[in-house]
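Subject: The structure I promised you

Hi,

Here is the structure we talked about, so have it open while you read. My notes on what turned up follow right below.

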Amino acid sequence: MNPRLLLCALTALALAGCTITEPSSRPAPDLPETWIERSEAAAATLDAEWWQGFDAPALDALIADARAANPGLAIAGERVVQAALALESSGAALLPGVDLSAGTSRQRSDPPNASATTFDGTSLGLAIRWEMDLWGRLAAGVDAAEAGLAASRFDFVGARLSLGAGVATAWFQTLALQRRLAIARDNLATAERLFDLVEVRYRNGAASALDLSRQRTTVLAQRAAITPLEVQLRQARSALALLVGETPQRFDAPGGALAALSVPAVAPGLPSELLTRRPDIAAAEARLAAAEADVAAARAALLPSVQLTGSGGLASAALLSLADPTRSVSLAAGLAQTLFDGGRLRAQVGLARSRQRELVETYREAVLTSLKEVEDALGNAERAREQEAVQRAIRDEAERTLRLSELRYREGADELTTVLDAQRTLFQAEDQLAQQRLARLAAAVDLYKALGGGWQRAGPD
C-alpha cells in the first residue's frame, strides 16, 4: 500500500474518531429546605476569617503561626504540588516526543593473513514519535489529573479549616483549664481560711474535733484536685504547641480570660448552600470526576492505538566530522491492537467502574454527613448558650449561699456542715461554669467548621 495513502487514511480516521466519554454519575442529593435546629440569637454572616469573631488577637496570632509552621498543612500543600506535576506529566503525553542522537566511532579490523583496516563513522539523528489519541484515552488521563489536582486543592482548604478549628479549640481548652485551676486554688484558699476559723473556734471550745477534722479533709481534697488540673493544662499546651509547629518544651501559650471572649452567632444559610461551602464535598465531587475519566481511559484502552514515527539523520564515514554526509529520512505509521491478554484490559474497565460507583456513594455520604454535622452543631450551640446562662445563675446563687452560711456559722446559728456543703456547691458551680463556657466556645467552632469556615466555591474547577 502506498505510504501516502496509509497516512491519509489514518489522518481521516483520527479526524472522524470521537472520544469515549462516560455519562455523568454524580447523584443529585435530596436536600432539605431548611434546618430543624434554629438559633434565636442574632446571627452574623459567615466570614472566611471566622476566628476573628471571638475578639481574641492572641487567637489570630496562633492561627497565623499554625498556617505557617504546621507539618500536616505543609504535607497537604506538597500534595497539591505533586498533583500539579502529575497533571503536567499527563498533558505531555498529548504532545509529540522528539529524540536527538549523535555518535561517532572508530573500528579496527585485523584479520589473519590480511592487512588491517579501519572504519570511521559519525552520525546525527532526529526521531519524532506521536501517538494519535483517536479514542480520547490520553485526553481522559489529562481530565483525571485535572480532577485530581482540584481534589488536592480542596483537601488543602479542608486541612487549613480543620487546623484553624483545632487551634481555636485547643486554645480555648487551655484557657478553660487555666480558669478551672484558678478556681481550684481560690477554693483551696477559702477552705484554708475556713479551717483557720474552725481551728480558732475549736481552741475556744465553740467547735468540736469532728468539725476540725471535716474541714481539714476539705482542705486536703482541694489540694488533691489541683494536681490533675495542672497535668491536663500541660497536656493541652503541648497539644497546642504541636498544632502551631512548635516544640512543647519551648512553647508558651498566650493567656487570656475565658469569660472575656465573644461567642459569635453564625447564620447557617440554606442546606443547599453546603454543596458550595464545604471543601470536603467539593473534593469528593472532584474525585468522582476523576473516576469517570478513568473509566473512559480504560474503555479506550480496548481499542486500537496508532503511532506515527518519523526520523531523519546524517551519517559520514569520518571520525568527528559530518563531511559529505549521507542523508536519510523515514516516516512510518503503526497500528496496534491487543488480541488476547487474559481479560486484563476488561478487568481494568470493571475495576474503574467499581471505583466510580464507590466514589458515587462516597460523595453521597459526604453530603449526608455534612447535613448531620451542621444540624448537630446548630443544636449544640443553642443548648450550650442556654446551659451557660443557667449555670451562671447557679454560680451566683452558690456564692450568695456561701457568704450567708459563713456569716451564720460565725454567729453560731448554723453547723459547719452547712458551710461545707455551700463551699462544695460553689466550687462545683464555678468549675461547671468554666466547662460550660468552653463547651459553648467549642460549639461555635464546630458550627463554623461544619459550615465550611466561610469558604465558597466560585465555580467548577
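Let's start with a pocket. Helix H4 (137-203), helix H7 (279-300), helix H8 (344-410) and H9 each give at least two residues to the lining of the second largest pocket. Keep in mind that this is a predicted model.

Which helix supplies the largest share of that lining? H8 does, with five residues. In total, 16 residues line the second largest pocket, and the space inside comes to about 230 Å³. If you want to find the pocket on screen, look for Arg278, Asp280, Glu373, Lys449 and Ala450, the lining residues that lie nearest its centre. By type, the lining splits into seven charged, five nonpolar and four polar residues.

Now for the helices themselves, beginning with H7. How far apart should the ends of H7 be, at 1.5 Å a residue? Its 22 residues should span 32 Å, and the end C-alpha atoms are indeed 32 Å apart, so the two values agree. H7 is also mostly covered, as 18 of its 22 residues are buried.

Next, have a look at Glu382, which sits in helix H8. Is Glu382 buried or exposed? Its relative accessible area is 4%, and anything under 20% counts as buried, so Glu382 is buried. The side chain of Glu382 also has a partner: a polar contact of 2.5 Å joins it to the side chain of Arg385.

Compare that with Thr417 in helix H9 (residues 416-450). Thr417 has a relative accessible area of 31%, so it is classed as partly exposed. You can also use Thr417 to get a feel for distances along H9: going from Thr417 to Ala443 takes you 26 residues along the sequence and 38 Å through space, C-alpha to C-alpha.

Last, the inside of the protein. The largest nonpolar core has 48 residues, and the ones touching the most other members are Trp50, Phe54, Leu59, Trp171 and Phe172. Helix H2 (57-69), H4, helix H5 (209-243), H7, H8 and H9 are the elements that give two or more residues to this core. Which of them gives the largest share? That would be H4, with 10 residues.

So H4, H7, H8 and H9 turn up in the pocket lining and again in the core. Try colouring those helices when you go through the model.

Cheers

Methods. Residues numbered from 1 in each chain as written. Predicted model: local features only at pLDDT ≥ 70, side-chain atom pairs only at ≥ 80, totals over all residues. Heavy atoms only, no water. Helix = DSSP H or I, 4+ residues; strand = E, 2+ residues; numbered from the N terminus. Buried < 20%, exposed > 50% of the residue type's maximum accessible area, 1.4 Å probe, protein only. 1 Å grid on protein atoms, 1.4 Å probe; cavity = no way out; pocket = protein on both sides within 12 Å on 5 of 7 lines; lining within 4 Å. Points joined across faces, edges and corners; volume = space filled by probe spheres on them. Nonpolar A, V, L, I, M, F, W, Y, C, P; charged D, E, K, R; others polar. Expected span 1.5 Å × (residues − 1). Polar contact = N/O pair within 3.5 Å; in protein donor to acceptor, adjacent residues only side chain to side chain. Core = buried A, V, L, I, M, F, W, Y, C linked by side-chain atoms within 4.5 Å.
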